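Biologist: I have the model open and would like to go through it with you, one topic at a time.

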Amino acid sequence: DNDGFEDTVDNCPLVANPNQEDFSSDGIGDHCQDTDADGLSDAQEIDIGRNPAFNEAALVPIIRSILN
């Protein structure tokens, strides 16, 4: 991916991530992981100020049930 890291040590070998960020510290780079399974990569969520470990969409049914 030409980010300066050989694929054998790159935590996200298919997507360039020169800083090798890893929010969850599990060895998988933020650009290649969606920790909360909301459709946004961890890197995208960090960029917009969201917590990559918290799926905000999961709250919608809970809030609806409280309001009804």
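Biologist: Where is Phe54 placed?
Modeller: Phe54 sits in the loop between helix H1 (42–47) and helix H2 (59–67), where helices (H or I, at least four residues) and strands (E, at least two) are DSSP runs numbered from the N terminus. This is a predicted model, in which local features need pLDDT of at least 70 and side-chain atom pairs count only at pLDDT 80 or more, whereas totals for chains, interfaces and linings use all residues. Residues are numbered from 1 along each chain as its sequence is written, and side-chain values use heavy atoms, with hydrogens and water left out.

Biologist: And which residues make the nonpolar surface patch with Phe54?
Modeller: Phe54 joins Leu59, Ile62, Ile63, Ile66 and Leu67 in a nonpolar surface patch of about 610 Å². Patch residues have over 30% relative accessible area and no salt bridge, with like charges joined within 9 Å and nonpolar side chains (Val, Leu, Ile, Met, Phe, Trp, Tyr) within 5 Å; accessible areas come from the Shrake-Rupley method with a 1.4 Å probe, and for residues only the protein chains shown count as cover. Phe54 itself is partly exposed, at a relative accessible area of 39%, the classes being buried under 20%, exposed over 50% and partly exposed in between.

Biologist: Switching to charges, how many salt bridges are there?
Modeller: A search of the whole structure gives three, a salt bridge being a side-chain nitrogen of Lys or Arg within 4 Å of a carboxyl oxygen of Asp or Glu. In one of them the side chains of Arg50 and Asp38 meet at 2.9 Å, N to O. Since Arg50 belongs to the loop between H1 and H2 and Asp38 to the segment before H1, this pair ties together parts that are twelve residues apart in sequence.

Biologist: Which other partners does Arg50 have, first Glu45 and then Glu56, and at what distances?
Modeller: With Glu45, the closest N and O atoms of the salt bridge are 3.4 Å apart, while the side chains of Glu56 and Arg50 meet at 2.8 Å, N to O. Glu45 is buried, at 0% relative accessibility, whereas Glu56 is partly exposed at 26%. Salt bridges with shared partners thus link Asp38, Glu45, Arg50 and Glu56 into one network.

Biologist: Moving to the segment before H1, what does Gln20 touch?
Modeller: Leaving aside neighbours within four places in sequence, Gln20 is in contact (heavy atoms within 4.5 Å) with Asp3, Phe5, Val9, Asp10 and Asn11. Gln20 counts as buried, at 15% relative accessibility.

Biologist: What about Asp22, what does it touch?
Modeller: Asp22, also found in the segment before H1, touches Asn11, Gly27, Ile28, Asp30 and Gln33, not counting residues up to four places away in sequence. A polar atom of the Asp22 side chain lies 2.7 Å from the backbone nitrogen of Gly27.

Biologist: Which phi value does Ser25 have?
Modeller: Ser25 has a positive phi of about 55 degrees although it is not a glycine, and Ser25 is exposed, with a relative accessible area of 62%. Most residues other than glycine have a negative phi.

Biologist: Last topic, what is the overall secondary structure and radius of gyration?
Modeller: The chain has two helices and zero strands. Its radius of gyration is 15 Å, where a compact globule of 68 residues would have one near 11 Å; the radius is taken over C-alpha atoms, and the globule rule is 2.2 Å times the number of residues to the power 0.38. The C-alpha atoms fill a box of roughly 55 × 20 × 15 Å along the principal axes, and 24% of the 68 residues count as buried.

Methods
Buried means under 20% relative accessible area, exposed over 50%, partly exposed in between (1.4 Å probe, protein chains only). A polar contact is a pair of N or O atoms within 3.5 Å; within protein, one must be able to donate a hydrogen and the other to accept it, and residues adjacent in sequence count only if both atoms are side-chain atoms.
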